[in-house]
Amino acid sequence: MTANQFEMAINQIGKRVFISYRSKDIKKAQKVKDYIISTEREVILFPPEILSAVGEILKPFEFLELMEFILDEMHKCNTLIAVDQGDFLDSYWTQIELTQWRRFNDHPQAFSVRVNEESGSIQYLGELNLTTLSNDEKRLWIRISNGTNRKLRESNPHTMSIWGRYARSCFLVPCGACGEHFLVSKEALYASVNNEFKTYCPHCSRGPFQFSEGEKNSTFYRKPIFIKRIGQKKPRLLDVSEILTLLVNDKELPSTIKLVSLPDQEIYTEGTKNLIGVATSILGLTALAGIIYFFSSNKDDTN
Ligand SMILES: [Zn+2]
């Protein structure tokens, strides 16, 4: 692939570009942004870690709630550029951005680039062959958006009762010793923060984990919770369908996710409305197959 192909691709894109990237690649994303701006286009590039900081843990619901911060801006763009340094999709956040891009566009225009480590030159990797979401998937996302958007939620409190048992009652914790994930009830989590409870990984028994509360930032309404890492293992990638399952699940957890709670603690469901039914039928029918992205065959040529 040559620089020419990148320039040719740029010539065909719209006036407003959304740049999707991994936080660690912010400098490279910035290079792409500068270039696109020099072609007299507008660029939306959110600062790194705006949705979640390194070492921060979230509730399943919050993985979707935070996404709302980017949707308005994304909606106004007509091209998405993925800065792919070889591991673009190894993150829940880049996956969710592509999912939303597919939701808003009937013909989602997107391509990927790679920035050379040494020279800083931008290499065109090819188009992302994205398809739009199915109507059922779009309906599910509209419900999720309506339920996670804070303004709508505050003006319409009954939308709050559509979530499954683990959506807002628990934090999702990655274990660096075994690479698996588990849920900790918020009561057990805050007791751990205060050293009144010890949390061990229910997969590998390593622990106790140390959790701490950070300073509140302007984006979110509660103080962030950080985990001190145990072990060096990279946690297994959680994909969008797994987070969605945790959002609506009301029964047993998938075997890959275990639960830590206080002794004798009950976790209650919030799911009195029918999101659970809608989502489980969609999840069950398609296994959210659309969440798996197919990069164009060009990508393989460049690896
Ligand atoms: Zn573990």
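**View 1. Serine 261 sits in the loop that joins strand E11 (257-260) to helix H10 (275-286).** This is a predicted model, in which local features need pLDDT of at least 70 and side-chain atom pairs count only at pLDDT 80 or more, while totals for chains, interfaces and linings use all residues. Residue numbers start from 1 along each chain as its sequence is written. Helices (H or I, at least four residues) and strands (E, at least two) are DSSP runs, numbered from the N terminus. Serine 261 has 19 C-beta neighbours inside 10 Å, so it counts as partly exposed. On this scale, a residue with 20 or more other C-beta atoms within 10 Å of its own is buried, one with 12 or fewer is exposed, and anything in between is partly exposed, with C-beta atoms placed from the backbone. Look for lysine 186 too: it is 75 residues away from serine 261 in sequence, yet their C-alpha atoms are 8.2 Å apart. Not counting residues up to four places away in sequence, serine 261 touches Ser185, Ala188 and Ile267; contact here means C-beta atoms, placed from the backbone, within 7 Å.

**View 2. Valine 83 is part of strand E4.** With 25 other C-beta atoms within 10 Å, valine 83 is buried. Setting aside neighbours within four places in sequence, its contacts are Ile19, Tyr21, Asp25, Lys28, Ala29, Val32, Val113 and Val115. Phenylalanine 111 lies 28 residues from valine 83 along the chain, with 8.9 Å between their C-alpha atoms.

**View 3. Helix H2 (residues 26-38) has its buried residues on the same side.** Its 13 residues should span 18 Å at 1.5 Å a residue, and the end C-alpha atoms are indeed 18 Å apart; the expected span is 1.5 Å times one less than the number of residues. Lys28, Ala29, Val32, Lys33 and Ile36 are the buried residues of H2. They cover an arc of only 145 degrees around the axis, which puts them on the same side of H2; the arc is taken from the directions from the helix axis to the C-beta atoms. They pack against strands E1 (16-20), E2 (42-44), E4 (79-83), E5 (110-115) and E6 (122-127). Flip to the other side of H2 and you'll find Lys27, Asp34 and Ser38 exposed. Just past H2, glutamate 40 has a positive phi of about 65 degrees.

**View 4. Helices H4 (residues 68-75) and H5 (residues 92-104) cross at roughly 45 degrees, their axes coming within 11 Å.** The axes are lines fitted to C-alpha atoms, for helices over the stretch in contact, and angles run from 0 to 180 degrees between N-to-C directions. That makes H4 oblique to H5, given that angles under 35 degrees count as roughly parallel, over 145 as roughly antiparallel, 65 to 115 as roughly perpendicular and the rest as oblique. From H4, the contact uses Ile70, Leu71, Met74 and His75; from H5, Glu97, Gln100, Trp101 and Phe104.

**View 5. Helix H6 (residues 135-148) also has a buried face.** Its 14 residues reach 20 Å from first C-alpha to last, close to the 20 Å expected at 1.5 Å a residue. Buried in H6 are Glu137, Leu140, Trp141, Ile144, Gly147 and Thr148. Seen down the axis, these residues fall within an arc of 125 degrees, so they line one face of H6. On the other side of H6, Asn135 and Ile142 are exposed.

Conventions
Two residues are in contact if their C-beta atoms, placed from the backbone, lie within 7 Å.
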